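Trainee: I am new to this structure and would like to look closely at a single part of it. May I ask for a guided account?

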Amino acid sequence: MKIIHCVALATAIAVHPGAAYSQGKTAPKDAKLYFITPHDGQKVRGGFWVRFGLRNMGVTHAGDDYQNAGHHHLLVDVNDPIDPKEPIPQDKSHLHFGAGQTETMLDLAPGTHTLQLVLGDAKHYPFEPPVVSEKITIRVRSPASARSK
């Protein structure tokens, strides 16, 4: 009997590959993720606050599997789209806020940078549909130019 159960499970996974993934948690269609600050096109100095906004969903810790809740990920200078079948990467360009943070102090090199928010589920997968902010562009001024203006 156990063999039949295992074969049935393996068949179900092979026929429905999405069932093998732990992503795909549904998000309300009216969920909105956005930047409170900075604003698109804003000029900032190194060491600036980034504040995250979220409507019609809640913020929780990574690993907490609550309905309509997730945690923030901040993408810095990322051009490639997020793969909905993979966990959101964690590296210097994909910053995780798994303790439920809604803001961070960010220190970037002078120059032009892009920022985008992605809401992840308990296991760091994007929601379905994806809950992402608009991508914004900021300009980080060097400390010398910031003092002279």
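Trainee: How many bridges join strand 1 to strand 3, and in which sense do the two strands run?

Mentor: A word on the basis comes before the answer. The model is predicted, so to speak of local features requires pLDDT of at least 70, side-chain atom pairs count only at pLDDT 80 or more, and totals for chains, interfaces and linings use all residues. Residues are numbered from 1 along each chain as its sequence is written, and side-chain values use heavy atoms, with hydrogens and water left out.

Strand 1 and strand 3, the latter covering residues 48-55, run antiparallel and are joined by five bridges. Strands here are DSSP runs of E with at least two residues, helices are runs of H or I with at least four, and both are numbered from the N terminus. Two strands count as paired if DSSP finds at least two bridges between them. One of the contacts places Lys 32 opposite Arg 55, its bridge partner in strand 3.

These two strands belong to an open sheet of three strands, in the order 1-3-7 and with antiparallel pairing. Strand 1 (32-37) and strand 7 (103-106) form the edges, each pairing on one side only. From one strand to the next, the twist averages 25 degrees; axes are lines fitted to C-alpha atoms (for helices over the stretch in contact), and angles run from 0 to 180 degrees between N-to-C directions.

Side chains also link this sheet. Arg 51 forms a salt bridge with Glu 103, and the closest N and O atoms are 2.8 Å apart; the term denotes a side-chain nitrogen of Lys or Arg within 4 Å of a carboxyl oxygen of Asp or Glu. Because Arg 51 lies in strand 3 and Glu 103 in strand 7, the pair ties together parts that are 52 residues apart in sequence. Arg 51 is partly exposed, with a relative accessible area of 31%, and Glu 103 is likewise partly exposed at 36%. Partly exposed lies between buried (under 20% relative accessible area) and exposed (over 50%), using a 1.4 Å probe and protein chains only.

A search of the whole structure finds two salt bridges. Besides the pair just described, Asp 65 forms a salt bridge with Lys 25, where the closest N and O atoms are 3.0 Å apart. Asp 65 lies in the loop between strand 4 (58-59) and strand 5 (69-76), and Lys 25 in the loop between helix 1 (2-15) and strand 1, so this pair ties together parts that are 40 residues apart in sequence.
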